[in-house]
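Colleague: I've got a model open and I'd like to learn how to read it. Could you walk me through it?

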Amino acid sequence: MMNIKRFIISHFLCTLFFVSSNLSAPISLRRATGDHTFTLVNNCPYSITAYVEDTKCGYSPRCADASSYSAAQPGAIPAGGSMVVTIPAAWVGRIYAETSTFTCGAKGEDCTIGEFNLDTGDIYAAQAYDISNIQGFTQAMAIQLQGCDIVTCSSQSCACSDAYPPGDETGCGDDSPVRACGAGAIPATITFCP
């Protein structure tokens, strides 16, 4: 995966040099500015309490250009229910759910989390997302950005291609759990207990 990333970066830089050297005006890469609609679906046989937490400047190195989620927390979603939340453009953060028998840390620690890096400015990975069980596994989860890959983890022993495993801070060696999607205000669906 690291070789693929190097190839993409190298290809992008070569393309950028070629295009910019053949234009009279400089090229600028702009970030998407539209908000994202996230639908949180609870397929669990019990109620959950969903949270949206920023991780910019903390768990993520992306800082100055990342936005903050400032709306009310999604809160309780009954079994079989769903809720729509608006996530700001350029957001970096986590979405996770607690249950009546298990609470998570302030940023979702000890729980299964969906991680997002939105509107990165990278033309190949404008939206990046993954499922992480590094700090703990609490329930199955699926993430889909419209028109892009679905990533699903149904158990604590998911393969690295589906989620970061518990306690593994190596990134599976190649960040294989991470999915990428194109630019724009792409809607997402996060399903708990898919």
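We'll take confidence, then the sheet, then a single strand.

Colleague: Where should I be careful with the coordinates?

Modeller: Where pLDDT is low, the predicted coordinates shouldn't be read in detail. This is a predicted model, with a mean pLDDT of 85 for the protein chain and 83% of residues at 70 or more. Over residues 1–32, though, the pLDDT is below 50. That stretch still has 22 contacts in the model beyond near neighbours in sequence.

Colleague: OK, the sheet. In what order do the strands sit, and is the pairing parallel or antiparallel?

Modeller: Strands of a sheet pair through backbone hydrogen bonds, in either sense. Here six strands make an open sheet, ordered 3-2-5-6-7-10, with antiparallel pairing. Strand 3 (75–77) and strand 10 (179–181) are at the edges with a single partner strand each, so one side of each has no neighbour in the sheet. On average, neighbouring strands are turned by 25° against each other, ignoring direction.

Colleague: Which strands flank strand 7, and through how many bridges?

Modeller: Five bridges tie strand 7 to strand 6 (residues 113–117), and three tie it to strand 10. Take Tyr-129: Phe-116 stands opposite it, and Arg-179 is its bridge partner in strand 10.

Colleague: And which way do the side chains of strand 7 point?

Modeller: In a regular strand they alternate between the two faces of the sheet. In strand 7, Gln-127, Tyr-129 and Ile-131 point one way, while Ala-128, Asp-130 and Ser-132 point the other. Both sets are buried: six of six residues in strand 7 (residues 127–132).

Conventions:
Residues numbered from 1 in each chain as written. Predicted model: local features only at pLDDT ≥ 70, side-chain atom pairs only at ≥ 80, totals over all residues. Heavy atoms only, no water. pLDDT = per-residue confidence, 0-100. Contact = heavy atoms within 4.5 Å. Pairing = 2+ DSSP bridges. Helix = DSSP H or I, 4+ residues; strand = E, 2+ residues; numbered from the N terminus. Axes fitted to C-alpha atoms, helices over the stretch in contact; angles between N-to-C directions. Buried < 20%, exposed > 50% of the residue type's maximum accessible area, 1.4 Å probe, protein only.
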